[in-house]
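Work through the exercises below with the sequence and the model open. Try each task before reading its solution.

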Amino acid sequence: MKRELDTIIKKDMKEITANRQLFITILIVPLVLTLVVPSVFLATFHFLPEEASDLQNMIERMPQAAQHMETETLLITLLLNYILPVFFLIIPIMASSVMAASSFVGEKEQRTLETLLYSPLTLQQIFCAKVLASFFMSMLVAGISFLSMVLVLGIEIYAYTGSVLLPGISWLLILFLLAPAISLIAITLIVRCSARAQNVMEAQQLAAFLVLPLVLVTAGQFSGLLLINAWILAGLSLVLILLAAALLGLSMRRFCREMLL
């Protein structure tokens, strides 16, 4: 059975990479979010007056241990280790939504759904394979985006300040706990929608509602109203991991042929 499961996962991932327009969309949007947007923020922090009130609000909420830094270095640290980690979570949701939305809808459009249902796998195993295919793709895109961001921002930070600033522990929590949990939740929900939907656009509508809370949290960080530190991320990661596991298990148990018809 494991071989059949791997076959579906590889087939779905191969179809995405073979579709040049779709694959470019999956890559380009995250790279813009992790390269262009952070570079604009970094340049803004570098050239804005230090006495700007919005910046002072954010600086005052930084840990006391960081208060001895120069203002520009402090703002860059704020951007790198407080704002960007939350902003980064949008990427796995966006990347996974593209593939997850077409998981069952794509089978319907290509008229291969009946062939898939006649495979030796159970409906629950087919559902799990579709979720895992999207999950692996979203984690791959997230990893590529993170490495690209660290390389480009590292060069820009050195050019602005003459020093090297490394990502903090928040990034470890984001990459290995929080991003996978959020991605799995998003994929599970979108794959369920894909099973009922008649077209890809209908299945993708849910992604907008999943991204909205992250946009609001990011806005709160920029305004200085809220700074999410590593402890908050760790607690949130634990809650979302449990939620992702429960949601996936419940969705697999309730998945039936009637949902595909």
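## Exercise 1: Trp171 and its ring partners

Trp171 has a relative accessibility of 2% and so counts as buried. The model is predicted.

**Task.** Classify the ring pair of Phe146 and Trp171, and state what it ties together.

**Solution.**
1. Start with the general recipe: an aromatic ring pair is described by the distance of the centres and the angle of the planes.
2. The ring centres of Phe146 and Trp171 are 5.2 Å apart. That is within the 6.5 Å limit for a pair.
3. The planes meet at 45°. Stacked needs under 30 degrees and edge-to-face over 60, so this pair is tilted.
4. Phe146 sits in helix α8 (residues 123–161), and Trp171 in helix α9. The pair therefore ties together parts 25 residues apart in sequence.
5. Both Phe146 and Trp171 are buried.

**Task.** Do the same for Phe88 and Trp171.

**Solution.**
1. A search of the whole structure gives 7 aromatic pairs.
2. One of them joins Phe88 and Trp171, with centres 5.4 Å apart and planes at 80°, so the pair is edge-to-face.
3. Phe88 belongs to helix α4 (residues 71–88) and Trp171 to helix α9 (residues 169–196). The two residues are 83 apart, and the pair links distant parts of the chain.
4. Phe88 has a relative accessible area of 1%, so Phe88 is buried.
5. Put the rings together: Phe88, Phe146 and Trp171 make up one aromatic cluster.

## Exercise 2: Ser237

**Task.** Is Ser237 buried or exposed? Which residues does Ser237 contact, beyond its neighbours within four places in sequence?

**Solution.**
1. Locate Ser237: helix α11, residues 230–254.
2. Its relative accessibility is 1%. The cut-off for buried is under 20%, so Ser237 is buried.
3. With neighbours within four places in sequence set aside, Ser237 is in contact with Leu173, Leu177 and Leu178.

## Exercise 3: A charge over a ring

**Task.** Where does Lys130 lie relative to the ring of Phe104?

**Solution.**
1. Lys130 lies over the face of Phe104.
2. The distance to the ring centre is 5.7 Å. The limit for a charge over a ring is 6 Å.

## Exercise 4: The whole chain

**Task.** How many helices and strands does the protein chain have, and what share of its residues is buried?

**Solution.**
1. Count the elements: 12 helices and 0 strands.
2. Of the 261 residues, 44% count as buried.
3. Now the surface: about 13,400 Å² is exposed, and carbon and sulfur atoms supply 68% of it.
4. Last, the contacts with a separation of 6 or more: residues 24 or more positions apart account for 82% of them.

Methods. Residues are numbered from 1 along each chain as its sequence is written. This is a predicted model: local features need pLDDT of at least 70, side-chain atom pairs count only at pLDDT 80 or more; totals for chains, interfaces and linings use all residues. Side-chain values use heavy atoms; hydrogens and water are left out. Helices (H or I, at least four residues) and strands (E, at least two) are DSSP runs, numbered from the N terminus. Buried means under 20% relative accessible area, exposed over 50%, partly exposed in between (1.4 Å probe, protein chains only). Contact means heavy atoms within 4.5 Å. Accessible areas come from the Shrake-Rupley method with a 1.4 Å probe; for residues, only the protein chains shown count as cover. Rings of Phe, Tyr and Trp (its six-membered ring) pair if their centres lie within 6.5 Å; planes under 30 degrees apart count as stacked, over 60 as edge-to-face and the rest as tilted. A charge sits over a ring if NZ of Lys or CZ of Arg is within 6 Å of the ring centre and within 35 degrees of the ring normal.
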